[in-house]
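Trainee: I would like to go through the helix packing in this model. Could we take it one pair at a time?
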Amino acid sequence: MTNVRPDAELADLDVPAAITRGLLLTGGPRQALFTEAAIAAAHRAEAAGIGPYPLGFLAQHVRAGGFAAALALPEPVIGEPGRTVVREWLQAAAASGADLGREHLFARWLAEVAALIELRRDAREAGSA
């Protein structure tokens, strides 16, 4: 049985640390990266005004150019709050070391966070209809 953590607990989750650990370690840390950390990241992205499209685009950029290319972007997403959040994530991912497998894994994680944001938006719209 899987433990379900409430949103209040996820609000305190250290997403950058989860990114670095999840990229370096398989098993529990990797699973936490794609579950709890992805959900917490989706909440933070939405709070910072980041939508699914910019994160999806960034995921493609990381996949094509790696951590270094993504970190070199002057504005990985529009808006200061979003830039701050995304740069923390990029720096945490880059701290795992340049490696094609980890870069693709992180790109996949960014795409998952984007998908979660999209799902949350769809659920809100369906609830208001």
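Mentor: Certainly. The model is predicted. Helix α2 (residues 15-24) packs against α7 at an angle of about 135 degrees, and their axes are 10 Å apart.

Trainee: How are α2 and α7 oriented to each other, then?
Mentor: They are oblique to each other, because angles from 35 to 65 and from 115 to 145 degrees are classed that way. The crossing of α2 and α7 is right-handed.

Trainee: Which residues meet there?
Mentor: From α2, V15, I19, G22, L23 and L24 meet R102, L105, F106 and W109 of α7. By class, that contact has seven nonpolar residues, one polar and one charged.

Trainee: What about α4 and α7: at what angle do their axes cross?
Mentor: The axes of α4 (residues 36-47) and α7 (residues 100-128) cross at roughly 65 degrees and come within 9 Å. This crossing is right-handed.

Trainee: Which residues make the contact?
Mentor: On α4 they are A37, A38, I39, A41, A42, H43, A45 and E46. On α7 they are W109, E112, V113, L116, I117, R120, R121 and R124. The contact of α4 with α7 has 10 nonpolar, one polar and five charged residues.

Trainee: A change of topic: where is R83, and is it buried or exposed?
Mentor: R83 lies in helix α6 (residues 80-94). Its relative accessibility is 19%, so R83 counts as buried, the cut-off being under 20%.

Trainee: What does its side chain make a polar contact with?
Mentor: The partner of the R83 side chain is the side chain of E75, at 2.8 Å. Leaving aside residues up to four places away in sequence, R83 touches P74, E75, P76 and V77.

Definitions and conventions. Residues are numbered from 1 along each chain as its sequence is written. This is a predicted model: local features need pLDDT of at least 70, side-chain atom pairs count only at pLDDT 80 or more; totals for chains, interfaces and linings use all residues. Side-chain values use heavy atoms; hydrogens and water are left out. Axes are lines fitted to C-alpha atoms, for helices over the stretch in contact, and angles run from 0 to 180 degrees between N-to-C directions. Helices (H or I, at least four residues) and strands (E, at least two) are DSSP runs, numbered from the N terminus. A crossing is left-handed if the near helix is turned anticlockwise from the far one by less than a right angle, and right-handed if clockwise. Contact means heavy atoms within 4.5 Å. Ala, Val, Leu, Ile, Met, Phe, Trp, Tyr, Cys and Pro count as nonpolar, Asp, Glu, Lys and Arg as charged, and the others, Gly among them, as polar. Buried means under 20% relative accessible area, exposed over 50%, partly exposed in between (1.4 Å probe, protein chains only). A polar contact is a pair of N or O atoms within 3.5 Å; within protein, one must be able to donate a hydrogen and the other to accept it, and residues adjacent in sequence count only if both atoms are side-chain atoms.
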